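Q: I'm new to this structure and would like a close look at its aromatic residues and how they sit among the strands and helices. Could you walk me through that part?

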Amino acid sequence: MMLLLLHRVVGVVAALLLLPILGRCSNFDLDVASAFLENNPSGSIHTNNWAVLVDTSRFWFNYRHVANTLSLYHSVKRLGIPDSNIILMLADDMACNPRNPFPASVFNNAKREINLYGHNIEVDYRGYDVTVENFMRVLTGRHDAGVPRSKRLLTDERSNVLMFLTGHGGDEFLKFQDAEEITSNDLADAVEQMWQKRRYNEILFMVDTCQANSLYGKVHSPNFVAVGSSRVGEMSYSHHQDSRVGVGVIDRFTYYLLETLEHMDSSSNTTLATLFAGLSFHKLQSHIGIRTDLFPRSLDQVPVTDFFGHVPRPILAPPRTPSAQERRASHRPATTEARAGGDAIPEPVQRLASVIPRAEGQDFRAAIRAVVGMVDP
């Protein structure tokens, strides 16, 4: 919690250091900044969202794993994350498989209402390019010089990252291509490198595989929350099959995730707690696992769109001409000692402080007083 508080204070300090300059500009309206902060009740300080969506299985009988991944791909795009912020990895091309009775199509439901492959899909890693090495390089940013930007996870310390993996797994491992494995230690090491290199603000890790909950147990990096589809010793099951396709078309975990996601839009206030509550044993026939000990926020205060949606931007008001009184006030001398006083914080700064989350108000005001005392316009 102290780490998160420090992170937020740094953002506030940066804003305050600009106030003496911005306060003299006729087109600066602090109400815009205040409104932006007031519309962020979850307390998250991220400025961009990214998604890494990975199908690790090939072969026709694993059709459902491709459908799982494409289902999440369509959900995050619909909720506002652009293709430029999505890394999509598909280990097999089911749309072009000769066994597919519906060429160039992938469906996640026997009713075949939505073609997940469609005409607007950007696959970044396909077929034999979906390897443990390439996945680790995506997370850590350790690419060869020739790898294009479209295949890179270009995140920073203000990025919220959604990771979704699906395939065949076991106790502390997940298969890639039925030829190699990523282990829980590999994943923990990659996440720690991301944290040390300031490549994320928060991570939501989701995995749909057998014994999924064992995959994230070795992670110890901050701001990490995880959910898996099954306990150690449990299987994860498909939901139903399409008789024409001849195999299962979606897994239960993903199917019931979509049950919530498909009723949301980009302005939805649905929380992660609500999303996870829909994943009961009665529906999945397995027990999900939720890990929150590394995550500073309560899940009932975290909107799903903090990871699945776009980050809203403030709409700046048009420039306005200051009144004569405002012009005189902007040139009025002020002493460092006066501004450092408890009741002498400038009114614009007080307004900015008033929209900081109430539970931590006193700490932020103390930081603001300290900074204002150092700023001399």
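A: **The aromatic pairs and their surroundings**

Let's start with two rings: Trp-60 is buried, and Tyr-63 is buried as well. Bear in mind that this is a predicted model. Together, Trp-60 and Tyr-63 make an edge-to-face aromatic pair, with 5.2 Å centre to centre and 75° between the planes. They belong to a wider set, since searching the whole structure turns up eight aromatic pairs.

Another of these involves Phe-135 and Phe-176, and this one is tilted: the centres are 6.0 Å apart, with 40° between the planes. Here the pair ties together distant parts of the chain, as Phe-135 belongs to helix H4 (residues 132–140) and Phe-176 to strand S6 (residues 173–176), 41 residues apart. So are these two rings buried or exposed? Phe-135 counts as buried because its relative accessibility is 0%. Phe-176 has a relative accessible area of 0% too, so it is buried.

Rings can also gather in groups: Phe-205, Tyr-216 and Phe-224 make up one aromatic cluster.

Some rings have a charge for company. Arg-58 lies over the face of Phe-59, 5.9 Å from the ring centre. Over at Tyr-125, the charged end of Lys-151 sits above the ring, at 5.2 Å from its centre.

Now for the strands. Seven of them form an open sheet with mixed pairing, and the order runs S3-S2-S1-S4-S8-S9-S12. Strand S3 (125–126) and strand S12 (289–294) are at the edges with a single partner strand each, so one side of each has no neighbour in the sheet. Elsewhere in that order, strand S4 (residues 159–166) and strand S8 (residues 202–208) pair in the parallel sense over seven bridges. You can pick out one spot by eye: Asn-160 stands opposite Glu-202 in S8.

Lying across part of this is helix H3 (residues 63–78), which crosses strand S1 (48–55), strand S2 (86–90), S4 and S8. Relative to S2, helix H3 runs at about 165°.

One more helix is worth a look. Helix H6 (residues 252–261) is mostly covered, with seven of its ten residues buried. Among those buried residues are the aromatic ones Phe-253 and Tyr-256, along with Leu-257, Leu-258 and Leu-261. As a rule for reading such a list, an α-helix has 3.6 residues a turn, so residues three or four places apart point the same way. The buried list for H6 also includes Thr-254 and Thr-260.

How values were computed: Residues numbered from 1 in each chain as written. Predicted model: local features only at pLDDT ≥ 70, side-chain atom pairs only at ≥ 80, totals over all residues. Heavy atoms only, no water. Buried < 20%, exposed > 50% of the residue type's maximum accessible area, 1.4 Å probe, protein only. Helix = DSSP H or I, 4+ residues; strand = E, 2+ residues; numbered from the N terminus. Pairing = 2+ DSSP bridges. Contact = heavy atoms within 4.5 Å. Axes fitted to C-alpha atoms, helices over the stretch in contact; angles between N-to-C directions. Phe/Tyr/Trp six-rings, centres within 6.5 Å; stacked < 30°, edge-to-face > 60°. Lys NZ or Arg CZ within 6 Å of the ring centre and 35° of its normal.
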